[in-house]
Amino acid sequence: MAATRKPNMAAEKVKMPEQEPDVRNKNFKEVALGYTKEMAIEEATRCLNCKKPFCVDGCPVNVPIPRFIAEVVEGNFEEAYKIITEENALPAICGRVCPQESQCEGKCIRGRKSEPVGIGRLERFVADYHREHGQVIKPEIVRNGKKVAVVGSGPSGITCAGELAKRGYEVTVFEALHKTGGVLSYGIPEFRLPKALVQQEIDTVADLGVDFQTNVVVGQSITIDELQEEGYEAIFVGSGAGLPRFQGIPGENLNGVYSANEFLTRVNLMKAYMFPDRPTPIKITETVCVVGAGNVAMDAARTAKRLGAKNVYIVYRRSREEAPARAEEVHHAEEEGIIFKFLNNPIAINGEDGWVKSITVQEMTLGEPDASGRRRPIPVEGSTWDIETGTFIVAIGQSPNPLIRNTTPGLDTQRWGGIIVDEETMESSRPGVYAGGDAVTGAATVILAMGAGKAAAKAIDEKLGGK
Ligand SMILES: Cc1cc2nc3c(=O)[nH]c(=O)nc-3n(C[C@H](O)[C@H](O)[C@H](O)COP(=O)(O)OP(=O)(O)OC[C@H]3O[C@@H](n4cnc5c(N)ncnc54)[C@H](O)[C@@H]3O)c2cc1C
């Protein structure tokens with residue numbers, strides 16, 4: 001039903017209740033607490049229900065945003081959920097972690113003069129409402145007898161698997177870790193994305209008949225060739241970009257140096273904070289330094305703070321404007337007491353008895369834009385200084401793990417490791433092998449990975465002719 005009321009022309013989004021910064025920086029509970037029904041309806045009435053909805057173009061999976069928001073206005077939350085999930089199988093996740101400011105909300109017409117409509121907040125509300133009040137309706141699936149394998153259970157793999165299962169395919173997901181979800185489980189911390197909720201959205205996909213097999217490292221336990229020999233007519237590789245990059249500065253092999261991936265995996269998945277009950281120790285010192293300013297760096301820094309570090313620094317060689325993290329994450333980190341040292345670059349990690357003792361930092365300034373379009377950081381001569389710290393966490397990017405590339409003859413990849421695919425079909429140079437998400441693009445976003453999984457499922461279905 002379309003909204004008929006007069007739009008609410010309030011300039012700002014309805015505020016989302018949050019835990020106070022000084023409280024939340026000591027616990028792992030979710031920071032943002034979500035809208036009530038009343039708040040959701042009030043925010044939804046800010047939508048102008050545009051004839052040409054630019055927000056939909058801004059969404060990589062084309063959620064019919066004005067249609068679902070119109071249902072929220074009327075209080076038809078279950079109908080809104082149905083509309084969202086026509087296109088997006090993971091709305092509770094996307095509502096929480098999508099960079100809406102550069103996607104749907106970035107295109108919202110209200111954003112030209114005031115704050116855009118809080119599309120992410122509304123998506124989150126609808127998904128949470130459904131989880132708490134909705135009925136599980138299992139779609140009727142007619143099996144077509146064709147087998148498809150999916151490598152990796154991150155957002156690209158889950159989406160591809162769900163879309164194919166709905167179309168009748170027998171889908172098996174092979175996951176290297178003991179837990180499904182990819183970065184959603186091992187990377188993004190509980191205080192931004194509760195794990196129970198991730199599990200629930202994965203369960204919805206499992207309910208479509210998808211078989212999840214954990215502890216299977218494709219390329220080691222079984223190869224792509226062997227999967228094809230076993231009768232999988234198509235294979236989707238959604239193995240992500242889990243190989244951390246390092247700066248290559250002196251001292252990186254000292255104790256107390258972590259890649260952000262290792263640090264977050266130890267905490268999120270292996271419960272390092274429960275040491276010695278869990279055999280995954282992690283050393284948190286009074287001061288912790290994180291290098292990088294993307295979402296991963298923010299997550300590592302905020303996690304270190306919650307584990308008890310007193311002073312947590314984020315050291316980044318460019319300025320705040322260039323920081324790749326979502327604006328909201330930088331803001332939350334600042335509120336929680338994270339200390340930002342923009343225009344500074346670690347150049348050495350100094351040790352004592354094999355452990356990190358301090359880092360030496362070089363002050364930087366910005367020059368002309370480089371190939372990435374961002375202004376190039378240039379060292380300021382003679383301006384180095386030290387930060388005393390016992391822990392140094394590297395969060396400057398990740399690339400795809402070479403295992404699948406090295407064990408799959410004929411699979412073409414970029415020099416940096418990304419699998420090369422046809423942009424439309426997502427098929428690789430190996431016939432019948434498709435790929436998407438971070439394994440193709442390098443570290444990107446949840447929703448782009450989902451979009452790739454969806455595009456590959458469509459192409460696989462068209463190729464295999466299943467209905
Ligand atoms: C700490 C952190 C915070 C982030 N925050 C955000 C955010 O706020 N918003 C956002 O949009 N994006 C965020 N991202 C990026 C986002 O999570 C990724 O872009 C997205 O998860 C990529 O999805 P994927 O399916 O391609 O890969 P992944 O999520 O990486 O999943 C790949 C899966 O494949 C498995 N795998 C790998 N190799 C094999 C193999 N050989 N055999 C079997 N399984 C294998 C891995 O174990 C993993 O489970 C963040 C990333 C990190 C690390």
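This passage walks through the domains, one sheet and a few single residues of a predicted model.

The domain assignment splits the protein into three parts: domain 1 covers 21-133, domain 2 combines 147-242 with 398-464, and domain 3 spans 246-394. For domains 1 and 3, the C-alpha centres sit 32 Å apart. The two do touch, with 13 residues of domain 1 in contact with 11 residues of domain 3. A common way to put a size on an interface is the accessible area lost when the parts come together. Here domain 1 and domain 3 bury about 1000 Å² between them, and 49% of that is on carbon and sulfur atoms. On the domain 1 side, Arg24, Asn25 and Phe28 lose the most area to domain 3, and together they account for 52% of what that side buries.

Next comes the sheet. Five strands form an open sheet with parallel pairing, in the order β3-β2-β1-β4-β15. The edges are taken by β3 (211-213) and β15 (433-435); each has a single partner strand, so one side of each is left without a neighbour in the sheet. Going from one strand to the next, the twist averages 20°. The edge strand β3 is joined to β2 (residues 170-174) by three bridges, and the two run parallel. Within this pairing, valine 173 has phenylalanine 212 of β3 as its bridge partner. Helix α9 (residues 155-166) lies across β1 (147-151), β2 and β4 (234-237), and runs at about 165° to β2.

Two loop residues have a backbone worth a look. Asparagine 215 is not a glycine, yet its phi is positive, at about 60°. This asparagine 215 is found in the loop between β3 and α12 (224-229), and because its relative accessible area is 51%, it counts as exposed. Leucine 343 is likewise not a glycine and has a positive phi, of about 55°. The loop that holds leucine 343 connects β9 (339-342) and β10 (344-352). With a relative accessibility of 27%, leucine 343 counts as partly exposed.

Threonine 389 also belongs to a loop, the one between β12 (375-388) and β13 (391-394). Its relative accessibility is just 3%, so threonine 389 counts as buried. Setting aside neighbours within four places in sequence, threonine 389 is in contact with Thr287, Val288 and Cys289, and also with Val356, Lys357, Ser358 and Ile359. For threonine 287 there is a polar detail as well: its backbone oxygen lies 2.9 Å from a polar atom of the threonine 389 side chain.

Technical notes: Residues numbered from 1 in each chain as written. Predicted model: local features only at pLDDT ≥ 70, side-chain atom pairs only at ≥ 80, totals over all residues. Heavy atoms only, no water. Helix = DSSP H or I, 4+ residues; strand = E, 2+ residues; numbered from the N terminus. Buried < 20%, exposed > 50% of the residue type's maximum accessible area, 1.4 Å probe, protein only. Polar contact = N/O pair within 3.5 Å; in protein donor to acceptor, adjacent residues only side chain to side chain. Contact = heavy atoms within 4.5 Å. Pairing = 2+ DSSP bridges. Axes fitted to C-alpha atoms, helices over the stretch in contact; angles between N-to-C directions. Domains from an automatic or database assignment. Buried area = accessible area lost by both parts, 1.4 Å probe.
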